[in-house]
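Trainee: Could we go through this structure together, one question at a time? I'd like to see how each answer is worked out.

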Amino acid sequence: KLLSGELATVLTGRHLDLVIWPLSFQEFLEFEGIRWENKIEFLKKEIKVKAALHRYMEFGGFPKVVLNKEKAREILLTYFEDILTKDIIQRYKVRKTAKLRALAKFYITNIAAPVTSTSTSKVLELSDDTVDKFSEYFEEAYLLHFLRRFSFKVREQEKSPRKVYAVDVGLANAVGFRFSKNLGRLAENLVFLHLKRNQSPNNFLELFYWKDYSGKEVDFVLKERNRVIQLIQVCWNLYDFSTKKRELRSLIKASKELNCNNLLVITEDYEAMEEIKGKKIKFIPLWKFLLNIS
């Protein structure tokens with residue numbers, strides 16, 4: 001009956017929040033019966049783990065979906081409709097229900113992309129205030145999350161476009177777009193969710209993306225207290241030379257500007273440590289990152 005944001009009004013000083021996310025990749029593997037006791041067992045199951053990652057990227061981490069993949073799309077579309085109807089439309093007495101659904105689908109079709117209230121309002125013929133209000137509803141209902149652009153100036157953070165991510169990639173596939181054509185964006189969404197899980201117990205950890213005025217962009221900036229502690233770039237198709245050059249150029253520029261040398265690139269399957277322009281950059285496959293295997 002209550003969303004997390006409403007607890008304080010009823011239980012002032014008498015509650016602690018515990019956020020339950022869809023299954024992590026480690027939990028997804030356990031649901032599929034893929035386990036190991038030691039490094040040797042893990043090496044024997046590495047091929048199974050990689051295959052499981054693609055299923056995780058397609059179906060997401062809602063437990064009922066993982067256990068019933070043949071009905072995945074049906075279940076996910078029901079979840080999507082239930083969240084919109086019960087957690088948002090009925091709760092907030094929304095009258096523009098068609099516009100709200102259109103905005104939700106617009107966001108979930110554009111995961112890992114920057115969005116602004118002004119540009120979105122023009123596409124859907126809504127006021128900026130309505131877009132902002134509906135966006136808050138989506139976030140409060142844990143349907144979507146928005147990532148702010150990094151800046152030392154709070155005003156600049158608020159004025160900049162935000163990147164949008166779904167709470168579950170299976171939901172994005174069911175509602176938004178075709179799975180096979182969007183692996184890079186799905187990978188970025190999974191990295192975001194993994195970072196959010198790690199953020200929950202650390203009150204000092206903040207997440208941002210970085211972008212300069214020339215358009216160079218880094219997917220994730222991890223800031224702890226007053227210091228940037230890591231920069232993460234998600235580059236699925238690293239074998240495209242022009243893509244790799246562009247992504248690394250942005251990472252190095254951000255490294256210099258934010259005074260951070262902990263640089264990580266998450267890939268489909270490439271693993272290495274490279275030194276580029278005096279900066280050491282670690283490359284790690286997505287499946288290892290999600291399992292916290294360095």
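**Salt bridges and surface patches**

Mentor: Let's start with Glu81, which is partly exposed, with a relative accessible area of 30%. Keep in mind that we're looking at a predicted model.

Trainee: Which residue does the side chain of Glu81 meet in a salt bridge?

Mentor: Glu81 sits in helix H6 (residues 72-92), and its partner is in helix H7 (residues 97-109), so the pair ties together parts that are 20 residues apart in sequence. The partner counts as partly exposed too, at 24% relative accessibility. The two side chains meet at 2.3 Å, N to O, and the residue you want is Arg101.

Trainee: And which residue pairs with Glu274 in a salt bridge?

Mentor: Look for a link between distant parts of the chain: Glu274 is in strand E8, its partner is in helix H13, and they are 30 residues apart. Both ends of this pair are buried. The N to O distance is 3.2 Å, and the partner is Lys244.

Trainee: How many residues apart are Glu46 and Lys50, and which helix holds them?

Mentor: Their side chains meet in a salt bridge at 3.4 Å, N to O. Glu46 is partly exposed at 22% relative accessible area, and Lys50 is partly exposed at 27%. They sit about one turn of the helix from each other, which is four residues apart, in helix H4 (residues 46-59).

Trainee: How many salt bridges are there in total?

Mentor: The rule to apply is a side-chain nitrogen of Lys or Arg within 4 Å of a carboxyl oxygen of Asp or Glu. Some of the residues involved form a network: Lys163, Glu188, Lys211, Glu217 and Asp219 are linked that way. By this rule, the count comes to 15 salt bridges.

Trainee: Now the surface. What charge does the patch with Lys277 carry?

Mentor: First place the residue: Lys277 is in the loop between strand E8 (272-276) and strand E9 (279-285). Lys277 is exposed because its relative accessible area is 66%, and exposed means over 50%. It gathers on the surface with Lys245, Arg249 and Lys256, and Lys and Arg count as positive, so the charge of the patch is positive.

Trainee: Which residues form the negative surface patch?

Mentor: One of them, Glu136, is found in helix H9 (residues 128-140). Glu136 has a relative accessible area of 47%, so it's partly exposed. The full set is Asp128, Asp129, Asp132, Glu136 and Glu140.

Trainee: What about the nonpolar surface patch: how many Å² does it cover?

Mentor: Leu11 is one of its members, in the loop between helix H1 (7-10) and helix H2 (25-31). At 31% relative accessibility, Leu11 counts as partly exposed. Together, Leu2, Val10 and Leu11 make a patch of about 230 Å².

Trainee: Is Ser255 buried or exposed?

Mentor: Ser255 lies in helix H13 (residues 241-258). Its side chain makes a polar contact with the side chain of Asn261, at 3.5 Å. To decide, use the cut-off: under 20% relative accessible area means buried. Ser255 is at 1%, so it counts as buried.

Trainee: What is the phi of Glu125, and why should I notice it?

Mentor: Most residues other than glycine have a negative phi, so a positive one stands out. Glu125 is found in the loop between helix H8 (117-124) and H9, and is exposed at 68% relative accessible area. Although Glu125 is not a glycine, its phi is positive, at about 60°.

Trainee: And what is the phi of Asn259?

Mentor: Asn259 is found in the loop between H13 and strand E7 (263-267). At 67% relative accessibility, Asn259 counts as exposed. It is not a glycine, yet its phi is positive, at about 55°.

Trainee: Last one: how many Å apart in space are Pro161 and Lys244?

Mentor: Pro161 lies in the loop between helix H10 (154-159) and strand E3 (162-166), and counts as partly exposed at 28% relative accessibility. Lys244, the buried residue from earlier, is in helix H13. The two are 83 residues apart in sequence, and their C-alpha to C-alpha distance is 24 Å.

Key: Residues are numbered from 1 along each chain as its sequence is written. This is a predicted model: local features need pLDDT of at least 70, side-chain atom pairs count only at pLDDT 80 or more; totals for chains, interfaces and linings use all residues. Side-chain values use heavy atoms; hydrogens and water are left out. Patches are made of residues with over 30% relative accessible area and no salt bridge: like charges are joined within 9 Å, nonpolar side chains (Val, Leu, Ile, Met, Phe, Trp, Tyr) within 5 Å. Accessible areas come from the Shrake-Rupley method with a 1.4 Å probe; for residues, only the protein chains shown count as cover. The place of a charge is taken as NZ of Lys, CZ of Arg, CG of Asp or CD of Glu. Helices (H or I, at least four residues) and strands (E, at least two) are DSSP runs, numbered from the N terminus. Buried means under 20% relative accessible area, exposed over 50%, partly exposed in between (1.4 Å probe, protein chains only). A polar contact is a pair of N or O atoms within 3.5 Å; within protein, one must be able to donate a hydrogen and the other to accept it, and residues adjacent in sequence count only if both atoms are side-chain atoms.
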